[in-house]
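Subject: Structure handover

Hello,

Here is the structure I promised you. Please open it alongside this note, and read on for what turned up.

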Amino acid sequence: MEQQRIAIIGLGRIGSAFLSQMLQKRSQGIELVCAAEAADTPGRQLAAKSGIAIKSLDDIVALGNRIDVIFDLTGLPDVRRELRDKLVASKNAHTVIASETIVRVIWALISQDALPVIQGRKTGY
């Protein structure tokens, strides 16, 4: 099975829940390469405990085509814009940015639990 190498940016409520589910999918072709989270959240602690490197946004972008999908779960349009700009500047035409909207679709397919909802949070581009 081909590995899909992923990074998760934002390990708050939604990112933490998603990380937990992705950890269970490691044997099904998901390789959690790294994550980014500035705060000391439960998700950041889980990532570190699970051996997932905590990196900066710049460090993740520098990995280039060693990351297939970056899940941006920060909920911050400025972060998503910065991430897109940095990928373009690095000439990375390989890595895909998946927003919270995509995570909600994936979540519906892999879990019976409810993904946290943050009122007023915009999920699109």
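Which residue in strand 2 stands opposite isoleucine 6? It is leucine 32. Bear in mind throughout that this is a predicted model.

**The sheet**

That facing pair belongs to two parallel strands. Strand 1 covers residues 4-9 and strand 2 covers residues 30-36. Six bridges join them. The whole sheet is open and has five strands. Their order is 3-2-1-4-5, and the pairing is parallel. Strand 3 (53-54) and strand 5 (96-98) are at the edges. Each has a single partner strand, so one side of each has no neighbour in the sheet.

**The aromatic pair**

The count of aromatic pairs comes to one. The partners are phenylalanine 18 and phenylalanine 71. Their ring centres are 4.8 Å apart, with 55 degrees between the planes. That makes the pair tilted, because planes count as stacked under 30 degrees and as edge-to-face over 60. Phenylalanine 18 sits in helix 1 (residues 13-23), and phenylalanine 71 sits in strand 4 (residues 69-72). The pair therefore ties together parts that are 53 residues apart in sequence. Both rings belong to buried residues.

**The cores**

Nonpolar side chains tend to be buried together in soluble globular proteins. Here the largest nonpolar core has 21 residues. Those with the most contacts inside it are Ile6, Ile8, Phe18, Leu19, Leu32, Ile52 and Phe71. So both members of the aromatic pair are on that list, as are the facing residues Ile6 and Leu32. Strand 1, helix 1, strand 2, strand 4 and helix 5 (100-110) each give two or more residues to this core. Helix 1 gives the most, with six residues.

What does isoleucine 8 touch, beyond its neighbours within four places in sequence? Its contacts are Phe18, Leu19, Leu32, Cys34, Ala35, Ala36, Phe71 and Leu73.

There is also a second, separate core. It has 14 residues, among them Leu57, Val61, Leu63 and Leu83.

**Two residues to look at**

Start with glutamine 21, in helix 1. Is it buried or exposed? Its relative accessible area is 10%, so glutamine 21 is buried; the cut-off for buried is under 20%. Leaving out residues up to four places away in sequence, glutamine 21 touches Trp107, Ile110 and Ser111.

Then go to aspartate 72, in strand 4. Its relative accessible area is 0%, so aspartate 72 is buried too. With residues up to four places away in sequence left out, aspartate 72 touches Ile9, Val79, Arg80, Leu83, Ile97, Ala98, Ser99 and Glu100. One of these contacts is worth a look in the viewer. Aspartate 72 and isoleucine 97 are 25 residues apart in sequence. In space, their C-alpha atoms are 6.8 Å apart.

**The largest pocket**

The largest pocket holds about 230 Å³ of space. Its lining has 20 residues. Ile9, Gly10, Ala36, Glu37 and Thr74 lie nearest its centre. Helix 1 and helix 4 (77-89) are the elements that give two or more residues to the lining. The largest share, three residues, comes from helix 1. Helix 1 thus turns up twice: it also gives the most residues to the largest core.

Best wishes

Notes. Residues are numbered from 1 along each chain as its sequence is written. This is a predicted model: local features need pLDDT of at least 70, side-chain atom pairs count only at pLDDT 80 or more; totals for chains, interfaces and linings use all residues. Side-chain values use heavy atoms; hydrogens and water are left out. Two strands pair if DSSP finds at least two bridges between them. Helices (H or I, at least four residues) and strands (E, at least two) are DSSP runs, numbered from the N terminus. Rings of Phe, Tyr and Trp (its six-membered ring) pair if their centres lie within 6.5 Å; planes under 30 degrees apart count as stacked, over 60 as edge-to-face and the rest as tilted. Buried means under 20% relative accessible area, exposed over 50%, partly exposed in between (1.4 Å probe, protein chains only). Contact means heavy atoms within 4.5 Å. A nonpolar core is a set of buried Ala, Val, Leu, Ile, Met, Phe, Trp, Tyr and Cys residues joined through side-chain atoms within 4.5 Å. On a 1 Å grid over the protein atoms alone, a cavity is a set of points where a 1.4 Å probe fits but cannot get out, and a pocket is an open set with protein on both sides within 12 Å along at least five of seven lines; lining residues have an atom within 4 Å of a point. Grid points are joined across faces, edges and corners, and a volume is the space filled by probe spheres set on the points.
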